[in-house]
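Me: I am new to this structure and would like to go through it step by step, with the reasoning spelled out. Could we begin once it is in view?

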Amino acid sequence: NQRGGKGKGKSKSKKKDAQSSRRSCDGKGIFKIQLAALPPGMEDAPTPMLLYNSDRTAKTFLHPPSSADDEDDDGDYFKIRKMINDNG
């Protein structure tokens with residue numbers, strides 16, 4: 001092994017497989033949402049948010065509604081964005 005540890009690559013993959021199968025059995029997992037860093041003065045511009053699980057085997061985007069009106073926001077884009085901006 002080039003990193004100096006014998007068998008570490010194999011144990012990592014087995015551990016990852018065990019975690020993946022455990023998540024698929026109980027339907028739970030940790031997901032993260034990432035906002036794009038915008039230049040100063042453009043922080044309020046609605047941009048897509050990246051949603052992914054902890055090992056990044058599942059990824060999707062949360063897109064802003066076609067208008068800035070909250071009534072068109074059936075996916076709660078503005079609610080999620082506000083929560084992230086307010087709480088980090």
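**Burial, sheet and helix**

Reply: Of the 88 residues of the protein chain, 15% count as buried. The model is a predicted one, and its accessible surface comes to about 7300 Å², of which carbon and sulfur atoms hold 52%.

Me: In what order do the elements of the protein chain run from the N terminus on?

Reply: The secondary structure of the protein chain comes to two helices and three strands. Read from the N terminus on, these elements follow one another as α-β-β-β-α.

Me: Which strands are the edge strands of the sheet?

Reply: The three strands form an open sheet with antiparallel pairing, and their order in it is E1-E2-E3. An edge strand is one that pairs on one side only, and this holds for strand E1, residues 31-34, and for strand E3, residues 59-62. The edge strands are therefore E1 and E3.

Me: By how many degrees are neighbouring strands of this sheet turned against each other on average?

Reply: The strands in question belong to the open sheet with the order E1-E2-E3. With direction ignored, the average turn between neighbouring strands of this sheet is 25°.

Me: Which residue in E3 is the bridge partner of Tyr52?

Reply: Strand E2 covers residues 49-53 and pairs with E3 in the antiparallel sense over four bridges. For Tyr52, the bridge partner in E3 is Lys59.

Me: What angle does the direction of helix H2 make with that of E2?

Reply: Helix H2, made of residues 77-87, packs on the sheet and touches E1, E2 and E3. The buried residues of H2 likewise pack against E1, E2 and E3. Taken against the direction of E2, the direction of H2 makes an angle of about 80°.

Me: Why do the buried residues of H2 line one face of the helix?

Reply: A residue counts as buried when its relative accessible area is under 20%, and in H2 the buried residues are Tyr77, Ile80, Arg81 and Ile84. Seen down the axis of H2, these buried residues line one face of the helix because they fall within an arc of 100°.

Me: Which exposed residues does the face of H2 turned away from its buried side carry?

Reply: Exposed here means a relative accessible area over 50%. On the face of H2 turned away from the buried side, the exposed residues are Lys79, Lys82, Asp86 and Asn87.

Me: Which residue just after H2 takes a positive phi?

Reply: Helix H2 covers residues 77-87. Just after H2 there is a residue with a positive phi of about 90°, and that residue is Gly88.

Technical notes: Residues numbered from 1 in each chain as written. Predicted model: local features only at pLDDT ≥ 70, side-chain atom pairs only at ≥ 80, totals over all residues. Heavy atoms only, no water. Pairing = 2+ DSSP bridges. Axes fitted to C-alpha atoms, helices over the stretch in contact; angles between N-to-C directions. Contact = heavy atoms within 4.5 Å. Buried < 20%, exposed > 50% of the residue type's maximum accessible area, 1.4 Å probe, protein only. Areas by Shrake-Rupley, 256 points an atom, 1.4 Å probe, with all protein chains shown as cover. Arc of directions from axis to C-beta.
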